[in-house]
Amino acid sequence: MGISLVIEDPKQWCDDFVKQYREMERIYVEAHQVLPEKLLYVKTNPVRQPLCWYLGHTASFAMNKMRISGLISHYVDKELESLFAVGVDEMNWDSLLPDHDERLSIEKIYAFRTAVFDVVEEVVRRTITSPMCIEYHSREYVFPMIVAHTAIHFETSVANMIYLDPRTDLTPMDMFEPRLRCTRIEDNGFAHVSAGTVCIENSAAVDLRFMWDNETGRFTDDVPAFEIARCLISNAEYLPFVEEGCYSKKEYWTDEGWEMIKATKLSKPVTWLERNGDGYMIKLVDRVVEWAPDLPTVVTNHEATAFAKYMACKTGKKYALPTEGQYYRVLDLCDDLSKANHGLRHGCSMCAVDVFKHRIGDDYMFDLVGNLWYHASTTIFPFQGSQVQPYYIDFSLPTYGDDHTMLLGSSFLSTKNEAHPYSRYAFRPHFPQYAAIRLVINGEEPNTQYSSPRFTDKEVVHMLELEYAHNNNVSHASIAQQLARYVSGNVLHIGARTGRVCFEMAQLESVKSVIAIEQWAHYLAAADQIRQRGQCFYVMDLDLDGAELMREANFVQTEHCARKVEFVQCDAINPAPYFEARESFDTALFTFVDRCPTMEEHLRILYRHVKGRVIIFGDYRPVQGRRFDAIVDGEYVSREAGFQKLIEDAGFTVVDLQALPYLEQLSQHAVAISSGTIFVCEH
């Protein structure tokens, strides 16, 4: 299924690697040979690259990863490696090439691929010389990554051809010839799936298999009982949705799905070809066949979602697409997945929806994996504790959020990691893939809120960058650690922002709990996500042209420490009503100085409700016109001295005062070192 990470016999492992890599190269190139050369230079989809770009991309990827990991330092073709490096997904930083780019030559691209293959083989044989276990963070992990990456683009490149008309555009190839029998389809009933808790814990080191970063970590979900369709939705089952004109009925579509319909003017699945107004023919990869009612219908996620709503409206049942948790629950109940239409075991073509049966507890279903992927209702997200692979940090980061929906199972095109039942892949809901529909009927609503949104608000991005990205003696991380030394017991923190100080305090055994108050909900959303998942993701603008960079803010902590912290949205300028409902605190940390125009009132509240120390940190610059420095009796009083008098007037005694330089964000691209002061106050 993939490249082994355990190397007992180095020569044999290298031979096996080269064999698998060569076979992957063969089918990858052959898949593109169904096209006449002129079509390799054009885009079949306006938001994707020309097809020839994908021929060069996997070779460029191999060179790039070997250089990043230090396995090589040279280039095969610097211009091509740059040209084919970025542009797989429609991200803002991607650069789509024009049709018929004069720099592209198919002959040159094929020569480039051959040269890169030779480099990879030479580096593998030079590097793997003794028994070892390839670790997730090791540079040798790049080798199985190269093959797994090629496998992905074999499948997505074939999917890119889905808009072409095989009758005029393509040459049939032996590899895509249908080899599996079609059957007389049985009624698509539903299998009952009992309630249960799924728990996925993945580690490349423990599982000894290649996995992408989004597979690492831990996922749990309490899945209520549900029913799942035994078969993927067939063309026969989907036909009424088309014949009833549902592609023109807005009520079945999400807002984004309806925008797709308006933009593309779709009225049927893209693989259905009209036959002179008399029914349909079915488009396979490289040929057209007569109407096949028993084949699964190839659709986008938008179409799958609309069909589920159509069925729910028509029957009154709670039809939906399955969640990722529901898929894992079914996998838990299945004891044998050895027979499936994937991994090129049965040629390279889809088959009828009732060929490969899988036992599910006391029931059964078809194509739990294999034949076609099926669309999920949930988007992709990082598992708790997931680890970014150091030599491919942007494999999953750009997909996390609400705009990449999961694919479940695998397809007839899936090889290597893709064919593993616990692999995780996601695409934009309007992208064409060889994916179908499988419906579920829900009783109790399942959990669908897995996704981790990406934060784009500039205020949040600035604060996440300050609190989690910088690591030096003036960083917020360092300041947080210094402030945490002063607190103990039940701690109140006013001005939590994105939570870094709170998490540092929670690591201390002397701290029992942290109530963290913040008035801005967008700060709290990021902080609470880090508390729950250990990480969150945010987008930075790189330049004035709109280029972006996905970043990760993370803080590793135990569940016990995470449970110590409670984030509360509260009017931090007027928090008195909140405090009245709370018992007193042992310690308070006040880092709201730079946003607080009512300092006297805050100090009086803290004096009443905090029985121990109050630690105040800030730079005491004017807030909404309020100044802490002044001229008293003809003499200048500094900001620090003026603020100290304010503290003492509230009844506190300042027992310690410490100057502390810190990093200040002037703009998204500029920081400066400012000077602040820690006041340690007691009653």
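## Close-ups of a predicted model

**View 1. Ser60, a residue of helix H2 (residues 51–68).** As with everything shown here, we're looking at a predicted model. Ser60 counts as buried because its relative accessible area is just 2%, against a cut-off of under 20%. Leaving aside residues up to four places away in sequence, Ser60 touches Leu80, Glu81, Phe84, Ala85 and Phe112. With Glu81 there's a polar contact as well: the Ser60 side chain gets to the backbone oxygen of Glu81 at 2.7 Å. For a backbone yardstick, try Leu83, which sits 23 residues from Ser60 along the chain, with 8.5 Å between the two C-alpha atoms.

**View 2. An open sheet of 4 strands, with antiparallel pairing.** Read across the sheet and the order goes E3-E6-E17-E10. The edge positions belong to strand E3 (190–193) and strand E10 (319–320); each has a single partner strand, so one side of each is left without a neighbour in the sheet.

**View 3. Where E3 meets strand E6 (residues 226–229).** Zooming in on this pair from the sheet, E3 and E6 run in the antiparallel sense and are joined over 4 bridges. To get your bearings, look for Phe190, which stands opposite Ala229 in E6.

**View 4. Thr399, in the loop between strand E13 (373–379) and strand E14 (405–408).** It's a loop residue, but is Thr399 buried or exposed? Thr399 is buried, because its relative accessible area of 12% falls under the 20% cut-off. Its side chain makes a polar contact too, reaching the backbone oxygen of Ser396 at 2.7 Å. Keep Ser396 in mind, since this residue turns up again in the lining of the largest cavity.

**View 5. The largest cavity, with a volume of about 40 Å³.** The structure holds 3 cavities of 30 Å³ or more, and this close-up is on the largest. Which residues line the largest cavity? Going along the chain, they're Asp213, Pro382, Ser386, Val388, Ser396, Leu397, Tyr400, Gln535 and Phe537. Sorted by class, that lining comes to 5 nonpolar, 3 polar and 1 charged residues. The charged one is Asp213, while Ser386, Ser396 and Gln535 make up the polar set. The nonpolar share goes to Pro382, Val388, Leu397, Tyr400 and Phe537.

How values were computed. Residues numbered from 1 in each chain as written. Predicted model: local features only at pLDDT ≥ 70, side-chain atom pairs only at ≥ 80, totals over all residues. Heavy atoms only, no water. 1 Å grid on protein atoms, 1.4 Å probe; cavity = no way out; pocket = protein on both sides within 12 Å on 5 of 7 lines; lining within 4 Å. Points joined across faces, edges and corners; volume = space filled by probe spheres on them. Helix = DSSP H or I, 4+ residues; strand = E, 2+ residues; numbered from the N terminus. Buried < 20%, exposed > 50% of the residue type's maximum accessible area, 1.4 Å probe, protein only. Polar contact = N/O pair within 3.5 Å; in protein donor to acceptor, adjacent residues only side chain to side chain. Pairing = 2+ DSSP bridges. Contact = heavy atoms within 4.5 Å.
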